[in-house]
Amino acid sequence: MAANSIVALDIMACKKYKGLEKLDDNTRRQVGREFGFRQNSYIDWKVEQGYFFCLEHLISYHSAHTTTVLTVKPLYADDLWWEIFDCQKCLKAPMSLRGDGAFAVPKQTIGDYGAIARKIFAENIDENSAEELDAIWHEIFKAVASDIERFLQENPDPDRFVPDESRVSLGHGGLLSLMALIRQGREEEAVAIIRGRQGQGKSCGLVAGHTDGYEFILAWCRAKRGKSSL
């Protein structure tokens, strides 16, 4: 096949992908609203019983790379972290920042719907296939609703929620677990974990100026407890 023909096919594929991406976003938004979700870019989110639930959907022209997962964290996690991190502008930001903000606390994955989402490609859906996409997103959001219901039954009190760090991507040094410990008044345990990680040469991964996030947590714990030994 001539080089010009290959380029023409690539351009056509790209245009089709862009059309599909737009239709996919619109359909996800419409169906998500039926289930109480709001959309911002690649995420759909809702707050329920003191938790922030976030559906993260990243589609790829290479269907195997498309990911669609449901994540969760206690609603207090970001407020507490931003207070510790002295990030006042984040505290005043839209709620969606908890889902896609650079300084947001990482979330725990509780549902994976990639196999369903990849039907977008497996069924050869194009920009005119609104009905097929609508069916796929209803299937996904029904599964999401079921997973949220089960999660809330197992974790009814966000203040007592214990994160599973093995299911937290981009964990930023166990930040979600550290916020949970501090929320529960277990600052000494949080400090011990940080000291241990620092001894291994590890950092939080979030930095303000030249100060690592761990140092912000240590200073906050010292001030709260009034103990220089912390």
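Biologist: In which crossing, left-handed or right-handed, does helix 9 pass helix 10?

Modeller: The model is predicted: local features need pLDDT of at least 70, side-chain atom pairs pLDDT 80 or more, and totals for chains, interfaces and linings use all residues. Residues are numbered from 1 along each chain as its sequence is written, and side-chain values use heavy atoms without hydrogens or water. Helix 9 covers residues 187–199, and its crossing with helix 10 (near helix turned anticlockwise from the far one by less than a right angle) is left-handed.

Biologist: How are helix 9 and helix 10 oriented to each other?

Modeller: Their axes (lines fitted to C-alpha atoms over the stretch in contact) lie 10 Å apart, at an angle of about 150 degrees. Helix 9 and helix 10 are therefore (over 145 degrees) roughly antiparallel.

Biologist: Which residues of helix 10 does helix 2 meet?

Modeller: The axes of helix 2 (residues 76–84) and helix 10 (residues 213–225) come within 9 Å and cross at roughly 90 degrees. The two helices are therefore (65 to 115 degrees) roughly perpendicular. From helix 2, Leu80, Trp81, Glu83 and Ile84 meet (heavy atoms within 4.5 Å) Gly213, Phe216, Ile217 and Trp220.

Biologist: Does arginine 98 count as buried or exposed?

Modeller: Arginine 98 lies in helix 4 (residues 97–100). Not counting residues up to four places away in sequence, arginine 98 touches Phe52, Lys73, Leu75, Asp78, Asp79, Trp82, Ala104 and Lys107. The side chain of arginine 98 also reaches the backbone oxygen of leucine 75 at 3.1 Å. With 9% relative accessibility, arginine 98 counts (under 20%) as buried.

Note on methods
Axes are lines fitted to C-alpha atoms, for helices over the stretch in contact, and angles run from 0 to 180 degrees between N-to-C directions. Helices (H or I, at least four residues) and strands (E, at least two) are DSSP runs, numbered from the N terminus. Angles under 35 degrees count as roughly parallel, over 145 as roughly antiparallel, 65 to 115 as roughly perpendicular and the rest as oblique. Buried means under 20% relative accessible area, exposed over 50%, partly exposed in between (1.4 Å probe, protein chains only). A polar contact is a pair of N or O atoms within 3.5 Å; within protein, one must be able to donate a hydrogen and the other to accept it, and residues adjacent in sequence count only if both atoms are side-chain atoms.
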